[in-house]
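Hi everyone, thanks for making time today. I'd like to walk you through a structure, and I'll start with a question once it is up on the screen.

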Amino acid sequence: MRIATDSIYSNVLRNVQKNQIGLDRLNQQISSGLQFRFPHEEPVKAVQSMQLRTDILRLKKFNDNITDARSIMEATDSALKSSVDLIHRARELAIQAANGVLTESERSLIALEINQLLEEMVQVGNSEFNGKFVFSGSETLDETFNENPFEV
């Protein structure tokens, strides 16, 4: 059986062109860092790539939400600690004022300090984080408490 030289040459030429196309594709992948340029080149990989990109964006959003929640919790915890300290001081003053040996002017000074503690408590109750009131529930743009201290 005899093979014509034209057939051999065309086979060699076709194989060289096929190798050249493959080499060009590999060079494109190396230089761009991408496995494919167009979705029609690798449809299955394109779908997987889009799904991975969506998953990455979703995880970034989860991470941002966790960071925001942690910050809000820290601000709330700080405000609550301050309010507990104020309540303890008010309790101490109430016990001190209940003593029958204090004069009217000493009780008046205690009442003045209690009034200041109340003002501070209103400020703590209206604590803000990122421009929103922490203790306002769903109405975060409205102040939680109005300042209306008792008159001495």
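Leaving aside its neighbours within four places in sequence, which residues is Val124 in contact with? Have a look at the screen for a moment. The partners are Ala79, Ser82, Ser83, Leu86 and Phe135. Val124 itself belongs to helix 3, and Val124 counts as buried because its relative accessible area is 15%, with the cut-off for buried being under 20%.

Before I go on, please keep in mind that this is a predicted model. As for confidence, the mean pLDDT of the chain is 88, and 95% of its residues reach 70 or more. Helix 2 has the highest confidence in the chain, at a mean of 94, while strand 2, residues 132–133, has the lowest, at 86.

Let's stay with helix 2 for a while. Helix 2 runs over residues 43–97, which is 55 residues. From its first C-alpha to its last, helix 2 reaches 81 Å, close to the 81 Å expected at 1.5 Å a residue. Which residues of helix 2 are buried? They are Ala46, Thr76, Ala79, Ser83, Leu86 and Leu93. Some of those names came up with Val124 a minute ago: Ala79, Ser83 and Leu86 are among its contacts. Helix 3, residues 104–125, is included in what covers the buried residues of helix 2.

Helix 1 can be checked in the same spirit. With 28 residues at 1.5 Å a residue, helix 1 should span 40 Å, and its end C-alpha atoms are 40 Å apart, which agrees. After helix 1 comes Gly33, with a positive phi near 80°.

Now for the charged side chains, which I know many of you like. As a reminder, side chains of opposite charge can pair when their charged atoms come close. How many salt bridges does the count come to here? The count is 5, and I'll go through three of them.

One of them joins Glu42 and Arg25, at 3.1 Å from N to O. This pair links distant parts of the chain: Arg25 sits in helix 1, Glu42 sits in the loop between helix 1 and helix 2, and they are 17 residues apart. Glu42 is partly exposed, at 23% relative accessibility, and Arg25 is partly exposed too, at 35%.

Another salt bridge is between the side chains of Lys81 and Asp77, at 3.5 Å from N to O. Here the two residues are 4 apart in helix 2, so about one helical turn separates them. Asp77 is partly exposed, with a relative accessible area of 38%.

The third one I picked pairs Glu113 with Arg89, at 2.8 Å from N to O. Glu113 is in helix 3 and Arg89 is in helix 2, so this pair ties together parts that are 24 residues apart in sequence. For Glu113 the relative accessible area is 25%, which means partly exposed, and Arg89 is partly exposed at 31%. There is a bit more to this spot: Arg89, Glu92 and Glu113 are linked in a network of salt bridges.

Let's move along the chain past helix 3. Asn126 is in the loop between helix 3 and strand 1, residues 128–129. Is Asn126 buried or exposed? At 11% relative accessibility, Asn126 counts as buried. Not counting residues up to four places away in sequence, Asn126 touches Phe133, Glu143, Thr144 and Phe145. Thr144 also gives us a distance back to Val124: they are 20 residues apart in sequence and 10.0 Å apart in space, C-alpha to C-alpha.

A little further on is Asn130, in the loop between strand 1 and strand 2. Phi of Asn130 is near 55°, a positive value in a residue other than glycine. Asn130 is exposed, with 68% relative accessibility.

Last stop, back at the start of the chain. Which residues make the nonpolar surface patch of about 510 Å²? That patch is made by Ile3, Ile8, Tyr9, Val12 and Val16. Ile3 is placed in the segment before helix 1, residues 5–32, and Ile3 is exposed, with a relative accessible area of 54%.

That's my tour, and I'm happy to go back to any of these spots on the screen. Thanks for listening!

Note on methods. Residues are numbered from 1 along each chain as its sequence is written. Side-chain values use heavy atoms; hydrogens and water are left out. Patches are made of residues with over 30% relative accessible area and no salt bridge: like charges are joined within 9 Å, nonpolar side chains (Val, Leu, Ile, Met, Phe, Trp, Tyr) within 5 Å. Accessible areas come from the Shrake-Rupley method with a 1.4 Å probe; for residues, only the protein chains shown count as cover. A salt bridge is a side-chain nitrogen of Lys or Arg within 4 Å of a carboxyl oxygen of Asp or Glu. Buried means under 20% relative accessible area, exposed over 50%, partly exposed in between (1.4 Å probe, protein chains only). The expected span of a helix is 1.5 Å times one less than its number of residues. Contact means heavy atoms within 4.5 Å. pLDDT is the predictor's confidence in each residue, from 0 to 100.
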